[in-house]
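Here's a quick walk through one protein model, written for someone who would rather look at side chains and backbone angles than read a summary. Keep the viewer open as you go.

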Amino acid sequence: MEKNISAAALDAARSRLDAAEEHRETTLLRHIANGVIITSRTVEIDDTVQIAPGATILAGTILRGDTVIGAGCVIGPNSLIQDSIIGEDTTVNASQIYGSHIGQGNNIGPFTHVRVNTVTDYGVHLGAYVETKNSNLARGNTVSHLTYIGDSDVGKYCNFGCGTVTCNYDGKDKFRTHIGDYCFIGCNTNLVAPVSVGDGAYTAAGSTITQDVPAQALGIARQRQTNLEGWAEPKMEAYIAKKQKLEADQNK
């Protein structure tokens, strides 16, 4: 790292930073004057961004490129949205959205990663540690946590259990997953594309689905449980002894 920076270079850098800060604040003031609610100077908004009056932009939010924010939205805190359309009355909490179209009345976040070509309809919820890409999610879908939906078309009012993954890539080609209306995708389901789940169908928790699931069916793809009595005892002896010694030492 360069340590001997000249005074002239520092002055020039300071001038550039001051100009950038002045421009950023002027942009914020312009939106506030237009009826947007912004209460923190930590917000950054590109000149190309459009925000409807009545939207709220919270601290730490960055809005970039050809982004459009609808009326009644609450964006942030700590969200980044780039080249995306956010429908009216949608919240985006501590999340990142790129090149996508988020519908009206959505609830996004916290810690959601919405990648390019995601399209959601009315009332979709994408929750904590959910990632989407190149997917269409119809009205009322609920994806609460720890799920990846890529290259998928999802019907309305589906519920995704924790840990669902659409397995869309075989190392060479991408394939799509099709899910009908009113489906319930059980926790830790792997949907190996190309595959379809019919309207009103279930997948059992812990299943790896490699064949189509008909409408109104339950797809189960897991081995029947077998318990081997006593198998763990010799493997756990050393571990238990170690933890018991640690606990005894802590209680001295």
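What follows is an informal tour of salt bridges, strand pairing, backbone oddities and surface patches.

**Salt bridges**

One thing to keep in mind from the start: this is a predicted model. How many salt bridges does it have? The count comes to seven. As a general point, side chains of opposite charge can pair when their charged atoms come close. Three of the pairs are set out here, among them two that sit within helices.

| Pair | N to O distance | Relative accessibility |
|---|---|---|
| R24 and E21 | 2.6 Å | R24 14%, E21 37% |
| E131 and R115 | 2.7 Å | E131 25%, R115 29% |
| K245 and D249 | 3.0 Å | K245 54%, D249 35% |

Start with helix α1, which covers residues 7–33. R24 and E21 are three residues apart in that helix, so about one helical turn separates them. Is R24 buried or exposed? R24 counts as buried, because its relative accessibility of 14% is under the 20% cut-off. Its partner E21, at 37%, counts as partly exposed.

Helix α2, residues 233–250, holds a similar arrangement: K245 and D249 are four residues apart there, and again about one helical turn separates them. K245 counts as exposed, because its 54% is over the 50% cut-off. D249 is partly exposed at 35%.

The third pair isn't a helix affair. The side chains of E131 and R115 meet with 2.7 Å from N to O. What does this pair tie together? E131 lies in strand β16 (residues 125–133), while R115 belongs to the loop between β14 (113–114) and β15 (119–120), so the contact links parts that are 16 residues apart in sequence. Both ends are partly exposed, E131 with a relative accessible area of 25% and R115 with 29%.

**From β16 to β20**

E131 is a handy place to pick up the strand pairing. Its strand, β16, runs parallel to β18, and seven bridges join the two. E131 itself stands opposite Y148 in β18. So E131 has a salt-bridge partner in R115 through its side chain and faces Y148 across the strand pair.

β18 covers residues 142–150 and also pairs with β20 (residues 159–160); these two run parallel and are joined by two bridges. In that pairing, T142 has N159 of β20 as its bridge partner.

**Backbone oddities**

β18 also holds a backbone feature worth a click. L146, which lies in this strand, has a positive phi of about 55° although it isn't a glycine. L146 is partly exposed, with a relative accessible area of 47%.

Which other residue does this? Y182 also has a positive phi of about 55° without being a glycine. Y182 is found in the loop between β22 (177–179) and β23 (184–185), and at 49% relative accessible area it is partly exposed.

Then there are the cis peptide bonds. The bond from G76 to P77 is cis, with omega near 5°, and P77 is found in the loop between β7 (74–75) and β8 (80–82). Another cis bond joins G109 and P110, where omega is about 5°. P110 lies in the loop between β13 (107–108) and β14. These are worth pointing out because most residues other than glycine have a negative phi, and most peptide bonds are trans.

**Surface patches**

Last stop, the outside. Which residues gather in a patch of negative charge on the surface? They are E44, D46, D47, D66 and D83. Among them, D66 sits in the loop between β5 (62–64) and β6 (68–69), and D66 is exposed, with a relative accessible area of 57%.

There's a nonpolar patch as well, formed by F184, Y202, L218 and I220, with about 400 Å² of accessible area together. One of its members, I220, lies in the loop between β28 (218–219) and α2. I220 is exposed at 53% relative accessible area.

Definitions and conventions:
Residues numbered from 1 in each chain as written. Predicted model: local features only at pLDDT ≥ 70, side-chain atom pairs only at ≥ 80, totals over all residues. Heavy atoms only, no water. Salt bridge = Lys/Arg side-chain N within 4 Å of Asp/Glu carboxyl O. Buried < 20%, exposed > 50% of the residue type's maximum accessible area, 1.4 Å probe, protein only. Patch = residues over 30% accessible without salt bridge, like charges linked within 9 Å, V, L, I, M, F, W, Y side chains within 5 Å. Areas by Shrake-Rupley, 256 points an atom, 1.4 Å probe, with all protein chains shown as cover. Lys, Arg positive; Asp, Glu negative; His and termini not counted. Charge placed at Lys NZ, Arg CZ, Asp CG, Glu CD. Pairing = 2+ DSSP bridges.
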